[in-house]
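Biologist: Before we look at the model together, could you take me through how its local features and its inner spaces are read?

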Amino acid sequence: MTLNPRRVALLVAANTALAPFAIDAYLPAMAAIAEHIGASIHHTELSLSSFLAGFALGQLVFGPVSDRFGRKPVLLGGLVVFLLASLVITTADSLWALLSWRFVQALGGGATVVNSAAIVRDCFQGREAAKVMSTMAIIMLMAPLVAPVVGSGLLYLADWWLIFVFLALYAGFLMWLLGTRLPETRPPARAGATPARVLANYASVLGDRRAMGFIAAASMSFAGLFAFVTASPFLYLEHFALTPSLYPLVFGVNVVAMVAANRLNIRLLRWRTPLQNLRLGLGIQLTAATGLALVMASGLASLVTMVPLIMLFAGTIGLIAPNAITSLLDRFHHMSATAAALQGSLQFSCGALAGVLVGAFEVDSAWPMVGTMLGTALLANLGNRLLVGPAESAEPAESP
């Protein structure tokens, strides 16, 4: 079957949207879920961390499995797991059941989404690959804007369980779409990958100091973002008493800020290096986090004072993420897929840990969120400065 760039872009974009929908669509229903399972909203928010942990493990394990056994078996198998877990979640009647099945759901999601970039690399090179990757990036930024709106509408139509029925139906649609429209794309030469080689490749990335500096920047910034995402149902629905219908609006402005920062990054790259833009984003993020801490300490916390600062913090992801990942992969031309899988796994693991720090202690205040955001911003700046150093090496890392 011959594939053109537009068809691959649509197929991969539909697959890529699964993760942000699974993460963000149920946020407006968090209070309703907490009431149903008899848990506090803080403990219910831990289902986000459970999902991120499963998603990180799914990417780390099933990326190499896809290289060895093919894209479609892993892709379709992951969708089956995701679909079944989504349906089981609708019957959850305890916090433990919710956390457990969200973890299983995320394992399937990680196995699915990790194939997106691999499929593009299999089919295209150079300019065509860049165009398809750009479509994927836009979907990843726009899906979190749409997902809470969809979730809020489904919550209005029925109850929280309808959101997970929707996710199961979406997974079923992807099974049909990708099963009938996408051929196996893995080159035969990749079938020889062994577990020992995969572990050796992971170890070479972990042992590269500059690579870990870029991973620290991306992962800590992502952790700060997910500290906000995890706390946002409590912050907006309970602390500031917004209605579920207004929640998607104040949540969505952060995605708009990310898109704007992404466009700014493209313009700045005409005369600035990726490392310069990365550190610009890290500095702005630290400034925003410091501003949030000062607002909290002065007793001036309100929607008017906090929403713009959160927008600034979240928006800088559009400056930080693309430059950190590009700089990382430039050091590992010989195994970019392995480096990307490791970075993605560490990133989602840090996001899961940040969610635990925010939600585990049931503090009815925005301080856990703000403190975590400030801490991650400090670690991102320090990690990048200390590990990468004053100037980025022009040479890629040596092959193991």
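Biologist: Which residue takes a positive phi just after α13?

Modeller: Gly 299 does, with a phi of about 75°, where helices are DSSP runs of H or I with at least four residues, numbered from the N terminus. This is a predicted model, in which local features need pLDDT of at least 70, side-chain atom pairs count only at pLDDT 80 or more, and totals for chains, interfaces and linings use all residues. Residues are numbered from 1 along each chain as its sequence is written, and side-chain values use heavy atoms, with hydrogens and water left out.

Biologist: How does the span of α13 compare with what its 24 residues should give?

Modeller: The expected span is 1.5 Å times one less than the number of residues, so helix α13 (residues 274–297) should span 34 Å, and its end C-alpha atoms, 35 Å apart, agree with that.

Biologist: Where is Ala 241 found, and is Ala 241 buried or exposed?

Modeller: Ala 241 is found in the loop between α11 and α12 (247–268), and its phi, near 55°, is a positive value in a residue other than glycine. Its relative accessibility of 58% counts as exposed (over 50%, with buried under 20% and partly exposed in between, for a 1.4 Å probe and protein chains only).

Biologist: How is empty space found, and how many cavities of 30 Å³ or more are there?

Modeller: Rolling a probe the size of a water molecule over the atoms shows where empty space is left. A cavity is a set of points, on a 1 Å grid over the protein atoms alone, where a 1.4 Å probe fits but cannot get out, and lining residues have an atom within 4 Å of a point. The count comes to one cavity of 30 Å³ or more, and α11 (209–239) and α17 (367–388) are the elements that give two or more residues to the lining of the largest cavity.

Methods:
1 Å grid on protein atoms, 1.4 Å probe; cavity = no way out; pocket = protein on both sides within 12 Å on 5 of 7 lines; lining within 4 Å. Points joined across faces, edges and corners; volume = space filled by probe spheres on them.
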